[in-house]
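Visitor: I should like a close look at one part of this structure, beginning with a single pairing and working outward. Please describe that part in detail and then place it within the whole.

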Amino acid sequence: HRQYREREIISSVEKIQNFLSMDGFKPDTLIGHFYNPQIEVISLLKKIYPQSVSCVVLHEKAEVVKKLYSKTLVNYKESIDVWGFRSKSLRSGFESTFWTLSTSFINYSGIPGQFFRTQTVPKIRKKIDKFLYVGQLIERKFPSGVVKALHAAFPSGGYELNYVGSGSEDKNVESAVRTSGALGKVRLCGQIPRSEVLSYYDAADCFIMVSKDEAFGLVYIEAMSRGCITIAARNEGIDGVISHGVNGFLCEAGNQEELGYLLACISSLPEKELMKISSNAIETARGMSIEKTSRDYIQFVESSRPAHHLN
């Protein structure tokens, strides 16, 4: 949360250089994740290894980067060949705050093969009544708002909601359950091994997490891979992967009124439309395996190498 002193950066770079020189290693590619101090470190390393492609992947919103580099980020424009971003919204924010990028890519995360069935099998639903939240129960993810939104959409009940995860908001979730009259409809399952979460996705009709400041969020892709109707936050990390009404739905982060209205609308969709969205979600997730996203990452950075450095 602070800018490192120049001598700290230089010391770090010297250690890296000394370590590499022991084996006479000259990197073809320099990659740093997170803006601080990687922008400065990668920039200095690029000066030492000018033949390399330098890349920095940002996980932070532009306003966070601006706090440290409001006037100086432009100084690194020439020394960083490629800029990566964890989501389209992060790249858009960067370009509107700083400058339009000539070479950039989206560094999506991928999910393991165990999440994919051998065939595309959308869920067949007569109605939407089984809901799931997977993630930390923390303030910026608005977990208690999910209960309130469901109560608004289904005032007479007739739904189930499972929370997988734990955190500081668990008491607020329990309070929302009591005040919304959702006792017996909501279950807090706590922390569960990732391998066991599959059964929760498979049992759910709809996955909900409308969190703020989400760089990406693998749980959305996991839910989509199992055919869940997935609701995420608009203008956050997953926006751009989820297209509203096509392979999932988007809602303003933390807006329980909008979420309640959206849930009511989704519950009224015909079975054929729900199956189509479920099928589209599965197909989207299939394109986001660990193997594919890793390969795309490497290939894009390598393709950005200047022509005179390819030989």
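Guide: In this predicted model, Asn-162 has Arg-187 as its bridge partner in strand S7. That bridge belongs to the pairing of S6 with S7, which runs in the parallel sense over 4 bridges. Strand S6 covers residues 160–164 and strand S7 covers residues 186–190. Helix H6, residues 170–179, joins with these two strands in a right-handed β-α-β unit.

Both strands also take part in covering helix H7, which spans residues 194–203. The buried residues of H7 are Val-197, Leu-198, Tyr-200 and Tyr-201. An α-helix has 3.6 residues a turn, so residues three or four places apart point the same way. The cover over the buried residues of H7 includes S6 and S7, together with strand S5 (130–134), strand S8 (206–208) and helix H8 (218–225).

Two of these covering elements, S8 and H8, are linked by a loop that holds Asp-213. Although Asp-213 is not a glycine, its phi is positive, at about 55°. Asp-213 counts as partly exposed because its relative accessibility is 41%. A further positive phi, near 65°, occurs at Asn-235, again in a residue other than glycine. Asn-235 lies in the loop between strand S9 (229–233) and strand S10 (249–251). With a relative accessible area of 56%, Asn-235 is exposed, the cut-off for that class being over 50%.

Parallel pairing also appears in an open sheet of 4 strands, whose order is S1-S2-S3-S4. Its edge strands, each paired on one side only, are S1 (29–33) and S4 (104–106). On average, neighbouring strands of this sheet are turned by 20° against each other, with direction ignored. Helix H2, residues 38–48, packs on the sheet and touches S1, S2 and strand S3 (82–85). The direction of H2 makes about 175° with that of S2. Within the sheet, S1 pairs with S2 (residues 53–58) in the parallel sense over 5 bridges. Ile-31 has Cys-55 as its bridge partner in S2.

The loop between S1 and H2 contains Pro-37. A cis peptide bond, with omega of about 10°, joins Asn-36 to Pro-37.

Helix H1, residues 6–21, meets H2: their axes come within 10 Å and cross at roughly 50°. H1 is therefore oblique to H2. The crossing of these two helices is right-handed. On the H1 side, the contact is made by Ile-9, Val-13, Ile-16 and Gln-17. The H2 side contributes Glu-40, Val-41, Leu-44, Leu-45 and Ile-48.

These parts sit in a protein of 11 helices and 10 strands. Its C-alpha trace spans about 65 × 40 × 35 Å along the principal axes. Of the 311 residues in the protein, 50% are buried. Among contacts between residues at least 6 apart in sequence, 70% join residues at least 24 apart. To return to the starting point, the bridge between Asn-162 and Arg-187 lies in a parallel pairing of S6 and S7, and these two strands form, with H6, a right-handed β-α-β unit.

Terms used
Residues are numbered from 1 along each chain as its sequence is written. This is a predicted model: local features need pLDDT of at least 70, side-chain atom pairs count only at pLDDT 80 or more; totals for chains, interfaces and linings use all residues. Side-chain values use heavy atoms; hydrogens and water are left out. Two strands pair if DSSP finds at least two bridges between them. Axes are lines fitted to C-alpha atoms, for helices over the stretch in contact, and angles run from 0 to 180 degrees between N-to-C directions. Contact means heavy atoms within 4.5 Å. Buried means under 20% relative accessible area, exposed over 50%, partly exposed in between (1.4 Å probe, protein chains only). A crossover is right-handed if, with the strands pointing away from the viewer, the path from the first strand over the helix to the second runs clockwise. Angles under 35 degrees count as roughly parallel, over 145 as roughly antiparallel, 65 to 115 as roughly perpendicular and the rest as oblique. A crossing is left-handed if the near helix is turned anticlockwise from the far one by less than a right angle, and right-handed if clockwise.
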